[in-house]
Amino acid sequence: MSRGFLLSILLLAAGAARAENEPVYAITGATVLPVSGPPKHRGIVLFQKGKILKVGSELAIPEGAVVHAADGKYVTPGLVAIEAALSNARPSPGNFADNLDPYHRDLKIALASGITTLQVVNTGFGGFFGPEFSIPSGRNTAVIKATVGDLSGMLVKEPSSIYFPMNRSMLSMFQQRENFQKARDYLKKLEEAQKNKAKPPELPRGLELHVEALKRELPVFVTAGDRESIRAVLEIRREFPFDLVLAGARDGWMMAAELSALQVPVLVKARGPDFNFNLEEPLFEEGGMIPIRRPAAYAEAGVRVGLLPYRRGVSLDGLPGRDLTALIFEAAFAVRGGMKESDALRAVTLEPARILRLAERLGSLEEGKDADLLIWSGHPLHYRSVVEKAWINGKLVFEREKSHLFTPPFSGPGAAGSSPRPPH
């Protein structure tokens with residue numbers, strides 16, 4: 001037996017022993033907002049080996065546990081950004097895994113803003129004054145965690161979704177229906193070939209995304225704004241079932257009951273579309289709707305809502321509060337528009353995780369889920385609250401008082417030791 005082999009065995013054994021002896025961590029004294037259930041006042045969160053053990057109000061702290069006192073603070077799951085364009089995450093020949101940088105500035109700033117999980121998309125970001133580029137069709141997507149300094153725990157899933165091109169012209173919809181029919185026929189032939197152990201049929205060119213959609217292995221994001229476009233997409237989806245997610249569904253609130261019955265989630269911006277210089281556009285949309293009311297209109301009808309950032313990149317060259325780092329503010333704006341606080345917090349945590357098919361791991365504080373947690377100085381939807389500490393996979397990855405990105409916590413509401421009142 002070689003010395004190298006023996007050394008490998010010893011290292012593996014040492015690693016297993018460390019994992020076996022890892023202490024239990026406890027966050028105590030906080031108001032815990034698990035998202036999946038009611039708040040836990042004077043709550044306790046126990047976690048070990050990267051997973052949540054228990055969440056409750058009266059839990060015994062195991063002997064030897066590492067305790068983080070959070071009296072007067074708030075604890076939530078990490079935020080999940082369902083669309084993010086990061087300069088440290090670009091597909092390199094077709095995949096993100098080979099081009100991730102766990103030390104990049106964008107990732108650190110996103111984490112400091114409470115975002116622990118991001119779906120990164122293959123699109124540019126022109127800064128605050130540049131254009132918000134459209135996302136190309138395809139599967140160039142991945143879910144990553146903001147594990148600053150740890151590449152091994154960064155990639156969660158790739159690909160994570162399909163961006164599908166559709167527009168409402170009659171010709172386009174006719175072609176889409178025809179392509180979906182061809183894709184369905186191909187899958188039937190493929191199934192027969194596999195059953196008979198025969199040579200699989202050749203996939204016709206241009207049908208890759210249609211076939212992937214019909215396999216229903218990934219959610220399919222389709223941008224459709226007006227009612228006619230949404231109805232056209234729903235008609236195709238009824239005939240050829242796939243896991244539809246409507247993005248930018250501007251007028252979909254008028255048919256929210258139908259979307260709820262069909263279990264089609266929507267992705268919306270609480271503050272409306274990206275800014276432009278068209279001063280001739282009407283202030284109010286069709287039906288008298290203003291953008292800030294739209295998330296509440298969907299949620300009240302039972303539609304699952306994921307909130308998009310005002311802009312999906314990290315920007316330091318414009319007005320604050322209008323880029324990816326303001327994701328929690330989008331939830332606060334949705335509350336200002338009438339959405340329940342619990343629904344708004346859910347729209348930046350559990351609902352994005354459900355849409356991305358990662359709810360068994362992310363989005364809420366429940367036993368067995370990943371220990372991705374945030375300690376906030378006050379209620380997370382208060383405009384002066386800040387993230388004080390963040391854990392990802394049970395590892396403490398951010399402490400505000402030690403961060404080089406921020407000055408020490410300010411005094412007054414929202415500062416360390418002071419808890420702003422929750423919004424009403």
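This section describes the overall fold, one buried helix, the aromatic contacts and the unusual backbone geometry of a predicted model.

The protein chain contains 10 helices and 17 strands. Of its 424 residues, 49% are buried. Contacts over long sequence separations are well represented: where the two residues in contact are at least 6 apart in sequence, 67% of such contacts join residues at least 24 apart. The accessible surface of the chain amounts to about 20,300 Å², and carbon and sulfur atoms account for 54% of this area.

Helix α2, spanning residues 105-112, is mostly covered, with six of its eight residues buried. These buried positions are D106, L107, I109, A110, L111 and A112. Their packing partners are four strands, namely β7 (115-121), β8 (141-145), β16 (387-392) and β17 (395-399). After the helix comes G114, which adopts a positive phi near 100°.

Six aromatic pairs were identified in a search of the whole structure. In one of them, the ring centres of Y25 and F47 are 5.6 Å apart and the planes meet at 15°, so the pair is classed as stacked. This pair connects distant parts of the chain, since Y25 belongs to strand β1 (residues 25-32) and F47 to strand β2 (residues 40-48), with the two positions 22 residues apart in numbering. F47 has a relative accessible area of 1% and is therefore buried.

A further stacked pair is formed by F180 and F242, with a centre-to-centre distance of 5.6 Å and an angle of 5° between the planes. Here too, distant parts of the chain are linked: F180 is located in helix α3 (residues 170-195), whereas F242 occupies the loop between α5 (227-239) and β12 (244-247), 62 residues away. F180 is buried, its relative accessible area being 0%, and F242 likewise counts as buried at 1%. F180 and F242 also belong to a cluster in which ring pairs link F164, F180, F240 and F242.

Y310 is involved in contacts of another kind, with charged side chains. The charged end of K269 is positioned over the Y310 ring, 5.8 Å from the ring centre. R322 also lies over the face of Y310, at a distance of 4.9 Å from the ring centre.

Aromatic residues additionally contribute to the surface. F329, F333 and Y383 make up a nonpolar surface patch of about 320 Å². Within this patch, F333 is placed in helix α8 (residues 327-336). The relative accessible area of F333 is 32%, so this residue is partly exposed.

Several backbone features remain to be noted. Most residues other than glycine have a negative phi, and most peptide bonds are trans. The peptide bond from E158 to P159, by contrast, is cis, with an omega near -10°. P159 is situated in the loop between β9 (155-157) and β10 (162-164). Positive phi values also occur at non-glycine positions, including R42, at about 50°, and K49, at about 55°. R42 is part of strand β2 and is exposed, with a relative accessible area of 53%. K49 lies in the loop between β2 and β3 (51-56) and is partly exposed, with a relative accessible area of 43%.

Key: Residues numbered from 1 in each chain as written. Predicted model: local features only at pLDDT ≥ 70, side-chain atom pairs only at ≥ 80, totals over all residues. Heavy atoms only, no water. Buried < 20%, exposed > 50% of the residue type's maximum accessible area, 1.4 Å probe, protein only. Contact = heavy atoms within 4.5 Å. Phe/Tyr/Trp six-rings, centres within 6.5 Å; stacked < 30°, edge-to-face > 60°. Lys NZ or Arg CZ within 6 Å of the ring centre and 35° of its normal. Patch = residues over 30% accessible without salt bridge, like charges linked within 9 Å, V, L, I, M, F, W, Y side chains within 5 Å. Areas by Shrake-Rupley, 256 points an atom, 1.4 Å probe, with all protein chains shown as cover. Salt bridge = Lys/Arg side-chain N within 4 Å of Asp/Glu carboxyl O.
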